[in-house]
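Let's take a walk through the aromatic rings of this model and see who pairs up with whom. Have the sequence and the 3D view ready.

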Amino acid sequence: MAKVGWSAGIDYVSGALAKPSKSGQHSCAKMLLGTHRVAETTSKSCTRLYLRNRIERSTAPTENEIAQRLKFGTIAKAVNARAKDLTKITADQEAYAAQSKYTTMRSFLWSLEKAEYEKNH
């Protein structure tokens, strides 16, 4: 998501201001990306805008890429289902509170479902 700081003019622009969609419907043909550096520098012009043309893939996805997409999709569906499963919510919340490795509930659920997927495949 793009962030714009307004004052008398525009103070900074950061993020994707316009993105082409995957289907190509109702979107721009180019991506407009703004960046703003906050680090201390000798230059005062730390904001940059980039235009990127839409890129069409020239090769077919490899078997490894297809397998990774399938794995990601399967785990994502399992995480979404588990997050809504009323029989597991309480136990998952207690297990999440007892650990300190994962900072979000979603990342914790993702780790559980990823381990389950890798155990079964």
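Start with F72, which is exposed, at a relative accessible area of 53%. Keep in mind that this is a predicted model, so what you see here is computed. The cut-off for calling a residue exposed is over 50%, and that is why F72 gets the label with its 53%.

Now, how many aromatic pairs are there? The count comes to three. One of them joins F72 to W110: the ring centres sit 5.2 Å apart, and the planes make an angle of 50°, which gives a tilted pair. F72 belongs to helix α1 (residues 63-84) and W110 to helix α3 (residues 105-120), so this pair ties together parts that are 38 residues apart in sequence. And W110 itself? W110 has 26% relative accessibility and counts as partly exposed.

Next, click on Y96 and F108. Their ring centres are 5.8 Å apart and their planes meet at 55°, so this pair is tilted too. Here the link runs from helix α2 (residues 89-98), where Y96 lies, to helix α3, home of F108, and the two residues are 12 apart.

Is F108 buried or exposed? F108 is buried, with just 7% relative accessibility; the label applies because anything under 20% counts as buried. Its partner Y96 comes out as partly exposed, with a relative accessible area of 22%.

One more ring joins the story. Y102 forms one aromatic cluster together with Y96 and F108, so try selecting these three residues in the viewer.

Notes
Residues numbered from 1 in each chain as written. Predicted model: local features only at pLDDT ≥ 70, side-chain atom pairs only at ≥ 80, totals over all residues. Heavy atoms only, no water. Phe/Tyr/Trp six-rings, centres within 6.5 Å; stacked < 30°, edge-to-face > 60°. Helix = DSSP H or I, 4+ residues; strand = E, 2+ residues; numbered from the N terminus. Buried < 20%, exposed > 50% of the residue type's maximum accessible area, 1.4 Å probe, protein only.
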